[in-house]
Amino acid sequence: MTCSGSVTVSRGGCRKWLGGVFRDRQILVRTAGRIYAFRLGRKLQLALCCSVVAAGAWTAFASSEYFVQKRSLTARDHQVSRARAAYDDVLSDLAARQREVDALAGDVARLTEMQETGRGAVRILSERAARFVADWEQVIARTGLDARELVAAVADGPKASGGPFLPARASDDDGERTPLERDLAHFEDRLDELASLRHAISRLPLTVPLDAYAVSSGFGRRRDPINKKLARHEGIDLIAPLKSPIHATAPGVVTFAGKNGKYGNFVEIDHGAGLKTRFGHLGKVLVKKGQKVEFRHKIALLGNTGRSTGAHLHYEVRVNGKPRNPMKFIEAGRYVFQKQ
Ligand SMILES: [Zn+2]
């Protein structure tokens, strides 16, 4: 029980209790044969006691403050180190991302380089395809026909005989495309043209119907071999031994097979696109009307029937009913086969 803390103890009681505890005291000190007496009064004892208590309280307070402060500083240190660690993480993450970006930039550079290489290759192919297109157009021109008209006529022909594959042209939809894609589209267009031209050329009668032959009479105006009058010869005459095999000069359908007046035994083949070939003065006919024939199909044997002065083949090429010079087709064919 403390003096100040009790409200039940009277002021006089407290003084009495203090008087009991802090009585006047003497301290005797003997040194060098002499005795010294020191008096410790109550007030001095009380003051000393209060000083000791105050010093203890201060020490306790300061210690607790120290520990509180220390704990606070430690916590702050932890916070700082955590923040520093987080910052280091962010830095290393940024560095890693930067490396990824650098790698991507390298990839883009390589892709761009590859695209340029690809474009170069595609351009070379396009130029080559364009040269082929020009070559094929020249072949058709040699026959006297217009390449574009022939391609259009063949494309409009019966699909059962196999038309060219004509996909929608990539250049028709020239939206957001890379330069390489545009070059590829251009190349595809050339390939489409080439396919159409090759298909059209495959319909042309570019060969001679006989394996061994000699031309005895050309196309155009000539003196008639029987009445000796000037006349128009609508085909060419080819001489060869009797019964020599006669071949179809292009694929098509037989539209006539049999006797045909002055032509004698006669065969007509429709190749589509307005193209027909006609064979006169035949010996034996080996095909029937309506029959499909392939290129080099044996259609007849050489003969001497009709208005003929000897064994020969009268051979015609007609375009939309109009006679054309078969030699022009044969010469164009020689150009084609020479190049292959
Ligand atoms: Zn003739």
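**Close-up 1. Strands β10 and β13 pair in the antiparallel sense.**
This predicted model shows β10 (residues 275-285) beside β13 (residues 313-319). The two strands are joined over 6 bridges. One pair to find is Gly280 and His314: His314, in β13, is the bridge partner of Gly280. β10 is mostly covered. Of its 11 residues, 8 are buried.

**Close-up 2. Strand β10 also pairs with β9.**
β9 covers residues 265-272. β9 and β10 run in the antiparallel sense, with 6 bridges between them. Start at Asn265 and look across to β10: the bridge partner there is Leu282. The hairpin of β9 and β10 has 2 residues between the strands. In that hairpin, Ala273 takes a positive phi near 55 degrees. Most residues other than glycine have a negative phi.

**Close-up 3. Strand β12 pairs with β10 over 2 bridges.**
β12 spans residues 298-302. Its pairing with β10 is antiparallel. Which residue of β12 stands opposite Leu282? That residue is Leu302. Leu282 also appears in the β9 pairing, as the bridge partner of Asn265.

**Close-up 4. Ala311 sits in the loop between β12 and β13.**
Is Ala311 buried, exposed or partly exposed? Ala311 has 17 C-beta neighbours inside 10 Å, so Ala311 counts as partly exposed. A residue needs 20 or more such neighbours to be buried. Now find Tyr335. Ala311 and Tyr335 are 24 residues apart in sequence. In space they are 29 Å apart, C-alpha to C-alpha.

**Close-up 5. Arg296 has a positive phi in a loop.**
The loop lies between β11 (292-293) and β12 (298-302). Phi of Arg296 is about 75 degrees, although Arg296 is not a glycine. How many other C-beta atoms lie within 10 Å of Arg296? There are 15, so Arg296 is partly exposed.

**Close-up 6. Lys243 has a positive phi between β6 and β7.**
Lys243 is in the loop between β6 (236-239) and β7 (245-247). Phi is near 70 degrees here, a positive value in a residue other than glycine. Lys243 has 13 C-beta neighbours inside 10 Å, so this residue counts as partly exposed. Exposed residues have 12 or fewer.

**Close-up 7. Strands β4 and β5 form an antiparallel pair over 4 bridges.**
β4 holds residues 220-223, and β5 holds residues 230-233. Arg223 stands opposite Leu230 in β5. The hairpin has 6 residues between the strands. In this hairpin, Lys228 takes a positive phi near 65 degrees.

**Close-up 8. Strand β1 lies largely in the open.**
β1 covers residues 25-31. How many of its 7 residues are buried? The number is 0, so β1 lies largely in the open. Its partner here is β2 (residues 34-40). The two pair in the antiparallel sense over 7 bridges. Val29 stands opposite Tyr36 in β2. The hairpin has 2 residues between the strands, and Ala32 in it takes a positive phi near 55 degrees.

**Close-up 9. Helix α2 has 101 residues and is hardly covered.**
α2 runs over residues 42-142. At 1.5 Å a residue, α2 should span 150 Å. Its end C-alpha atoms are 147 Å apart, which agrees. Which residues of α2 are buried? They are Val122, Val133, Trp136, Val139 and Ile140. That makes 5 buried residues in the helix. Just after α2, Gly144 takes a positive phi of about 95 degrees.

**Close-up 10. Helices α2 and α4 are roughly parallel to each other.**
Two packed helices are described by the angle between their axes and the distance between the axes. Here the axes of α2 and α4 (residues 179-202) come within 9 Å. They cross at roughly 20 degrees. Angles under 35 degrees count as roughly parallel. The helices α2 and α4 are therefore roughly parallel. Is their crossing left-handed or right-handed? The crossing is left-handed. By class, the contact of α2 with α4 has 18 nonpolar, 4 polar and 7 charged residues.

How values were computed. Residues numbered from 1 in each chain as written. Predicted model: local features only at pLDDT ≥ 70, side-chain atom pairs only at ≥ 80, totals over all residues. Axes fitted to C-alpha atoms, helices over the stretch in contact; angles between N-to-C directions. Parallel < 35°, antiparallel > 145°, perpendicular 65-115°, else oblique. Left-handed = near helix turned anticlockwise from the far one by under 90°. Nonpolar A, V, L, I, M, F, W, Y, C, P; charged D, E, K, R; others polar. Expected span 1.5 Å × (residues − 1). Pairing = 2+ DSSP bridges.
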